[in-house]
Amino acid sequence: MQEEMSSLQKNQTYELVKLPEGMKALKNKWVFKLKKDGQGKLIKHKARLVVKGFQQKKGIDFNEIFSTVVKMMSIRVILGLIVSLNLELEQMDVKTTFLHGDLEEEIYMEQSEKFEAPGKYHLVYKLKKSLYGLKQAPRQWYKKF
């Protein structure tokens, strides 16, 4: 959890502000996963802070959403080219993918329970970048990419 919060702070994902009148702060939750290698051996415990995006309202918290879709025919063509040209295929994983998407809307989120700023309990996070769970997160990442 500490590693995730450090990553959010390092990427300047949010700033602590007073909640403007008439605005609502979204809630959040921690999602925990066990990362394992190919043999099923435990590598590490992973924690991610996720916005409860189902609370978002269209036209207020987001305007457009987007999800990339790949056709199976495209994948087959690429794999066929790789085999016929004797190329190598590599996969990459970006650890904090959605955190790079800049938000256009004003979105506020409650502070995480375990990481409330001392003496600033009445403040909320104003999100400057996407977080997992936001409806517009995939679109914002794709625009930046």
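Two strands are taken to pair if DSSP finds at least two bridges between them, and it is in this sense that β3 and β4 form a hairpin in the predicted model described here. Strand β3 spans residues 28-36 and strand β4 spans residues 42-51, and the two run antiparallel, joined by nine bridges. Within this ladder, Lys35 has Lys44 of β4 standing opposite. Five residues lie between the two strands of the hairpin, and in the turn Gly40 adopts a positive phi of about 85°.

The hairpin belongs to a protein chain of 145 residues, 32% of which count as buried. Three helices and six strands are found in the chain, and along the sequence these elements succeed one another in the pattern α-β-β-β-β-α-β-β-α. Where contacts join residues at least 6 apart in sequence, 72% of them connect residues at least 24 apart. The accessible surface of the chain amounts to about 10700 Å², and carbon and sulfur atoms account for 54% of that area.

Apart from the hairpin, the pairing of the strands can be followed in an open sheet, which is formed by four strands in the order β1-β6-β5-β2 and in which the pairing is mixed. The edges of this sheet are occupied by β1 and by β2 (25-26), each of which pairs on one side only. Between β2 and β5 the pairing is parallel and extends over two bridges; Ala25 stands opposite Tyr108 in β5, while the bridge partner of Leu26 in that strand is Met109. Between β5 and β6, in contrast, the pairing is antiparallel and comprises four bridges, with Lys126 of β6 serving as the bridge partner of Tyr108. Tyr108 is thus found opposite Ala25 and is also bridged to Lys126.

Residues from several of these elements come together in the interior. The largest nonpolar core contains 15 residues, and those with the most contacts inside it are Met5, Val51, Met109, Leu127 and Leu134. At least two residues of this core are supplied by each of α1 (2-10), β4, β5 (102-109) and β6 (124-129). The surroundings of Val51 can be given in detail: when residues up to four places away in sequence are not counted, Val51 touches Leu26, Lys27, Asn28, Met109, Leu127, Leu131, Tyr132, Gly133 and Leu134. Among these neighbours are Met109, Leu127 and Leu134, which are themselves listed with Val51 among the core residues that have the most contacts.

Helix α1 has both a buried and an exposed side. Its buried residues are Glu4, Met5, Ser7 and Leu8, and these lie on the same side of the helix because the arc they cover around the axis is only 160°. In general, an α-helix has 3.6 residues a turn, so residues three or four places apart point the same way. The buried residues of α1 pack against β1 (14-17), β3, β4 and β6, so that side of the helix faces strands of the hairpin as well as strands of the open sheet. On the face turned away from the buried side, α1 carries the exposed residues Glu3 and Lys10.

Helix α2 covers residues 72-84, and its 13 residues reach 18 Å from the first C-alpha to the last, which is close to the 18 Å expected at 1.5 Å a residue.

Two residues other than glycine, each following a helix, have a positive phi. The first to be described is Gln12, which follows α1 and is placed in the loop between α1 and β1; its phi is near 50°, a positive value in a residue that is not glycine. With a relative accessible area of 51%, Gln12 is exposed, the cut-off for this class being over 50%. The second is Asn86, which follows α2 and is found in the loop between α2 and β5. Although Asn86 is not a glycine, its phi is positive, at about 55°, and at 71% relative accessibility this residue likewise counts as exposed.

Notes. Residues numbered from 1 in each chain as written. Predicted model: local features only at pLDDT ≥ 70, side-chain atom pairs only at ≥ 80, totals over all residues. Heavy atoms only, no water. Core = buried A, V, L, I, M, F, W, Y, C linked by side-chain atoms within 4.5 Å. Buried < 20%, exposed > 50% of the residue type's maximum accessible area, 1.4 Å probe, protein only. Contact = heavy atoms within 4.5 Å. Areas by Shrake-Rupley, 256 points an atom, 1.4 Å probe, with all protein chains shown as cover. Expected span 1.5 Å × (residues − 1). Arc of directions from axis to C-beta.
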